[in-house]
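Please work through the exercises below with the sequence and the structure at hand. Try each task before you read the solution that follows.

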Amino acid sequence: MLNIVGIDHLNFFVKDLEVSKRFYKDLFGFEVFESGLSGKGYPYAIIGKSNKAFLALYENAKEVKKSHLNHIGINVKNFEDVKKAIKKFNVKEAIWGEVNYGQSQSIYIEDPDQNEIEISSKFGGGL
């Protein structure tokens, strides 16, 4: 069993990144920790409050009619056991599989309904 630290982040597709960033900044006091273009060319921002909550927002105005959840991130203490656990329970890895972000590592899996879950080695990717 994996030892969960907490919900690390929620990842959303949004219609307008600037509008969404302003909403979360004004209402919750979230700060921008990282921004740029994703590997698929979508503008993105990671916003939140250190060691409390993070949102990963990806702008995709062409395809997004309404903002929706892309995946949930869960941080675990025993990241070294993730591969063993997903093999033991025959869990399907998502398209992204294992990713090394430099400061943190993640493994992307799917639940039985094909909802994507990112399991990370460091809370907030070490931001």
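**Exercise 1.** Does Lys83 count as buried, partly exposed or exposed, and what is its relative accessibility? Then describe the salt bridge in which the side chain of Lys83 takes part.

*Solution.* Keep in mind from the start that this is a predicted model. As a first step, recall the cut-offs: buried means under 20% relative accessible area, exposed means over 50%, and partly exposed is in between. Lys83 has a relative accessibility of 47%, so Lys83 counts as partly exposed. In the second step, look for the partner, which is Glu98: the two side chains meet in a salt bridge with a distance of 2.9 Å, N to O. In the third step, place both residues in the chain: Lys83 belongs to helix α2 and Glu98 to strand β6, and the pair, 15 residues apart, links distant parts of the chain. Glu98 is likewise partly exposed, because its relative accessible area is 43%.

**Exercise 2.** How many salt bridges does a search of the whole structure find? Describe the one between Asp81 and Lys84, and the one between Glu110 and Lys92.

*Solution.* The search of the whole structure finds 4 salt bridges. One of them joins the side chains of Asp81 and Lys84, at 3.2 Å from N to O. Asp81 has a relative accessible area of 23% and is partly exposed, whereas Lys84, with 56%, is exposed. Turn next to Glu110 and Lys92, whose side chains meet in a salt bridge at 3.6 Å, N to O. Glu110 lies in strand β7 and Lys92 in the loop between α2 and β6, so this pair ties together parts of the chain that are 18 residues apart in sequence. The accessibility values put the partners in separate classes: Glu110 counts as buried at 16%, while Lys92 counts as exposed at 51%.

**Exercise 3.** In what order do the strands of the open sheet follow one another, and which strands are at its edges?

*Solution.* Begin by tracing the sheet from one side to the other: it is an open sheet of 8 strands in the order β2-β3-β4-β1-β5-β8-β7-β6, and its pairing is mixed. The edge strands are β2 (31-37) and β6, each of which pairs on one side only. From one strand to the next, the twist averages 20 degrees. Now examine two of the pairings in turn. Strand β1 (residues 4-14) runs antiparallel to strand β5 (residues 68-76), and 8 bridges join them; within this pair, Phe12 stands opposite Leu69 in β5. Helix α1 packs on the sheet, where it touches β1, β2, β3 and β4, and its direction makes about 5 degrees with that of β3. The second pairing is that of strand β6 (residues 93-100) with strand β7 (residues 105-110), which run antiparallel and are joined by 4 bridges. Here Asn100 stands opposite Gln105 in β7. These two strands form a hairpin with 4 residues between them, and Gly102 in the turn has a positive phi of about 90 degrees.

**Exercise 4.** Leu17 and Leu27 both need to be classified: is Leu17 buried or exposed, and is Leu27 buried or exposed?

*Solution.* Start with Leu17, whose place is in helix α1. Its relative accessibility is 6%, so Leu17 counts as buried. Leaving aside residues up to four places away in sequence, Leu17 touches Pro43, Tyr44, Ala45, Leu57 and Glu59. Leu17 and Tyr58 are 41 residues apart in sequence, yet their C-alpha atoms are 6.9 Å apart in space. Continue with Leu27, which is also found in helix α1 (residues 17-28). Leu27 is exposed, because its relative accessible area is 54%. Together with Phe23 and Phe28, Leu27 forms a nonpolar patch on the surface, and the three have about 320 Å² of accessible area together.

**Exercise 5.** What sign does phi have in Asn51 and in Asn90, and where are these residues placed?

*Solution.* Asn51 has a positive phi of about 60 degrees, although it is not a glycine. Its place is in the loop between β3 (43-49) and β4 (53-59), and at 63% relative accessibility Asn51 counts as exposed. Asn90, another residue other than glycine, also has a positive phi, near 55 degrees. Asn90 is in the loop between α2 (82-88) and β6, and with a relative accessible area of 71% Asn90 is exposed.

Note on methods. Residues are numbered from 1 along each chain as its sequence is written. This is a predicted model: local features need pLDDT of at least 70, side-chain atom pairs count only at pLDDT 80 or more; totals for chains, interfaces and linings use all residues. Side-chain values use heavy atoms; hydrogens and water are left out. Patches are made of residues with over 30% relative accessible area and no salt bridge: like charges are joined within 9 Å, nonpolar side chains (Val, Leu, Ile, Met, Phe, Trp, Tyr) within 5 Å. Accessible areas come from the Shrake-Rupley method with a 1.4 Å probe; for residues, only the protein chains shown count as cover. Buried means under 20% relative accessible area, exposed over 50%, partly exposed in between (1.4 Å probe, protein chains only). Two strands pair if DSSP finds at least two bridges between them. Axes are lines fitted to C-alpha atoms, for helices over the stretch in contact, and angles run from 0 to 180 degrees between N-to-C directions. Contact means heavy atoms within 4.5 Å.
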